[in-house]
Amino acid sequence: MHEALVKEAPGTEPVGHVSRDSTAIEGRGKPAPKPAAGKKPKRRRGRPRKGKAERKEPGRLERRPGGMSLEEMPADLPGECDHGAKRNAKGFLTSWIGCRPLLDAADCGVPAGAIPASASVRVVTGSSSRT
């Protein structure tokens, strides 16, 4: 199907824009259990003093840009069944248990890529982020 779309689409024009979206797919499974959170050390209330700021462990999105190759990035996405939420066209939040395929399409309508991911993955596009 993808090959037929690529042959039918105008092949001489460069792709100017790629649109990214995701679709909710409800699953029958139960969400994977979350690991138990460790006990946090007690802190004093308020803003920390100069030079006493705590170093936070970088999350999945902060680790990506500098230290991961392009092949490692899709493997880093969680793929198990999980809780997900997304705002619909009217602005209401809809939630489901399942997964979410991340789809990219070129401005001529040809699918550029698809990656299956967990429903809890946030879709980040450019400078704005959507769920």
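This passage describes the confidence, strand pairing and one pocket of a predicted model.

The mean pLDDT of the protein chain is 76. A value of 70 or more is reached by 79% of its residues. Confidence varies along the chain. Among the elements, strand β4 has the highest mean pLDDT, at 85. Strand β7, residues 128–130, has the lowest, at 42. Over residues 126–131, pLDDT stays under 50. For this stretch the model has 12 contacts beyond four places in sequence. Where pLDDT is low, the predicted coordinates should not be read in detail.

Strand β4 spans residues 93–106. Its pairings are described here in turn. Strand β1, residues 18–22, runs antiparallel to β4, and 5 bridges join the two. Within this pairing, Ser19 of β1 stands opposite Ala105 in β4. Strand β2 covers residues 25–26. It also pairs with β4 in the antiparallel sense, over 2 bridges. Here Ile25 stands opposite Cys99 in β4.

Strand β3, residues 82–87, is joined to β4 by 6 bridges. These strands again run antiparallel. His83 stands opposite Ile97 in β4. The two strands form a hairpin, with 5 residues between them. In this hairpin, Gly91 takes a positive phi near 95°.

Strand β5 comprises residues 111–118. It is antiparallel to β4, and 7 bridges join the pair. Leu102 has Ile115 in β5 as its bridge partner. A hairpin is formed by β4 and β5 as well, with 4 residues between them. Gly109 lies in the turn and has a positive phi of about 100°. Thus β4 is antiparallel to β1, to β2, to β3 and to β5.

Attention now turns to empty space in the model. Rolling a probe the size of a water molecule over the atoms shows where such space is left. The second largest pocket has a volume of about 320 Å³. Several arginines contribute to its lining: Arg43, Arg44, Arg45, Arg47 and Arg49. Lys52 and Glu54 line this pocket too. The lining also includes Gly46, Pro48 and Ala53. By class, 7 of the lining residues are charged, 2 are nonpolar and 1 is polar.

Conventions. Residues numbered from 1 in each chain as written. Predicted model: local features only at pLDDT ≥ 70, side-chain atom pairs only at ≥ 80, totals over all residues. Heavy atoms only, no water. 1 Å grid on protein atoms, 1.4 Å probe; cavity = no way out; pocket = protein on both sides within 12 Å on 5 of 7 lines; lining within 4 Å. Points joined across faces, edges and corners; volume = space filled by probe spheres on them. Nonpolar A, V, L, I, M, F, W, Y, C, P; charged D, E, K, R; others polar. Pairing = 2+ DSSP bridges. pLDDT = per-residue confidence, 0-100. Contact = heavy atoms within 4.5 Å.
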